[in-house]
Amino acid sequence: MYIPKANGKLRPLGIPCINDKILQTAIKLIIENECEKIFHNKSFAFRPNKSVQHALLSVQGMVGITWMIEGDIKAYFDSIDHKIMAQIIKERINPDRTLMGLFHKIFKAGYMEHNSFKHSILGIPQGGVISPILSNLYLTPFDEFIDLLKEKYCNEPISTQNPVYRKVEKRIVNLSDKLTR
């Protein structure tokens with residue numbers, strides 16, 4: 001099944017059968033508390049008692065920011081590497097063999113397209129009960145890397161502005177002055 005995106009493209013949506021939903025809900029109940037301890041405190045997506053509004057509130061009072069990172073990961077759910085995801089689960093959650101086997105089955109679940117079954121070699125099912133937790137878990141090492149960058153660059157002296165930018169800025173100010181006269 002595909003659902004429309006804001007840009008007019010279509011996003012694949014996995015609709016797990018009832019048995020898969022029950023299994024994924026059970027796994028979620030087992031790992032959610034542990035994952036909440038692992039997730040970055042500035043990670044707001046798909047988490048209990050957190051939302052986009054909480055993210056906005058966390059940056060509302062920021063002043064004196066010298067840099068910020070913003071991004072959008074194209075086809076994120078579709079691009080998650082199963083081997084990397086499995087390694088993160090093993091390192092961070094340390095599940096028993098049975099639970100790890102269930103994770104592998106979730107990764108390999110596949111999907112139906114035009115009445116034929118397609119095997120999954122990448123990605124996690126969008127629309128799955130467990131998918132939001134897995135997506136946040138997958139991004140946790142990235143969050144930690146960004147923290148290291150922040151730590152490194154917060155102690156650096158503030159650089160001077162780019163001379164090319166200064167020239168453009170002066171032209172804009174001069175043009176603005178002319179237009180307001």
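Val-52, Leu-56, Val-59, Met-62, Ile-65 and Met-68 make a nonpolar patch of about 580 Å² on the surface of this predicted model. To get your bearings, pick out Met-62, which sits in the loop between H2 and H3. Its relative accessible area is 41%, so Met-62 counts as partly exposed.

There is a charged patch to look at too. Lys-5, Lys-9, Arg-11 and Lys-74 come together on the surface as a patch of positive charge. Lys-74 is the member to follow here: look for it in the loop that runs between helix H2 (52-60) and helix H3 (76-79). With a relative accessibility of 72%, Lys-74 is classed as exposed.

Now for charges that find a partner. Side chains of opposite charge can pair when their charged atoms come close. How many salt bridges does the count come to? It comes to three, and we can take them one by one.

Start in helix H1, where Glu-34 and Lys-37 both lie, three residues apart, or about one turn of the helix. These two form a salt bridge, with 3.8 Å between the closest N and O atoms. Their surroundings are worth a glance: Glu-34 is partly exposed, at a relative accessible area of 33%, while Lys-37 reaches 64% and so counts as exposed.

Next comes the pair of Arg-47 and Glu-36, whose side chains meet in a salt bridge at 2.6 Å, N to O. This one links distant parts of the chain, eleven residues apart: Arg-47 belongs to the loop between H1 and H2, and Glu-36 to helix H1. Is Arg-47 buried or exposed? Its relative accessible area is 8%, so Arg-47 is buried. Glu-36, at 24% relative accessibility, counts as partly exposed.

The remaining bridge joins Arg-92 and Glu-144, with the closest N and O atoms 2.8 Å apart. Here again distant parts of the chain are linked: Arg-92 is in helix H4, Glu-144 is in helix H6, and 52 residues separate them. Both ends are partly exposed, Arg-92 with a relative accessible area of 25% and Glu-144 at 33%.

Back in helix H1 (residues 18-38), there is a charged residue with a rather different story, namely Glu-32. Which side chain of opposite charge is nearest to Glu-32? That would be Lys-28, at 4.1 Å. A salt bridge needs a side-chain nitrogen within 4 Å of a carboxyl oxygen. Glu-32 is buried and has no salt bridge. As for what does touch Glu-32, setting aside neighbours within four places in sequence, the contacts are Pro-48 and Ile-133.

Let's turn to the backbone. Most residues other than glycine have a negative phi. With that in mind, have a look at Phe-46, which is not a glycine and yet has a positive phi of about 55°. Phe-46 lies in the loop between H1 and H2. Its relative accessibility of 52% is why Phe-46 counts as exposed; the cut-off for that class is over 50%.

Asn-94 also has a positive phi of about 55°, and it is not a glycine either. You'll find Asn-94 in the loop between helix H4 (82-92) and helix H5 (97-107). Asn-94 is exposed as well, with a relative accessible area of 62%.

Last stop: Gly-123, in the loop between strand E4 (116-118) and helix H6 (131-154). Is Gly-123 buried or exposed? It is buried, because its relative accessible area is 6%. Looking past the neighbours within four places in sequence, what is Gly-123 in contact with? The contacts are Phe-77, Asp-78, Ser-79, Ile-80, His-82 and Phe-107. For a sense of distance, compare Pro-141, which is 18 residues from Gly-123 along the chain: the C-alpha atoms of these two are separated by 17 Å.

Terms used: Residues numbered from 1 in each chain as written. Predicted model: local features only at pLDDT ≥ 70, side-chain atom pairs only at ≥ 80, totals over all residues. Heavy atoms only, no water. Patch = residues over 30% accessible without salt bridge, like charges linked within 9 Å, V, L, I, M, F, W, Y side chains within 5 Å. Areas by Shrake-Rupley, 256 points an atom, 1.4 Å probe, with all protein chains shown as cover. Lys, Arg positive; Asp, Glu negative; His and termini not counted. Charge placed at Lys NZ, Arg CZ, Asp CG, Glu CD. Helix = DSSP H or I, 4+ residues; strand = E, 2+ residues; numbered from the N terminus. Buried < 20%, exposed > 50% of the residue type's maximum accessible area, 1.4 Å probe, protein only. Contact = heavy atoms within 4.5 Å.
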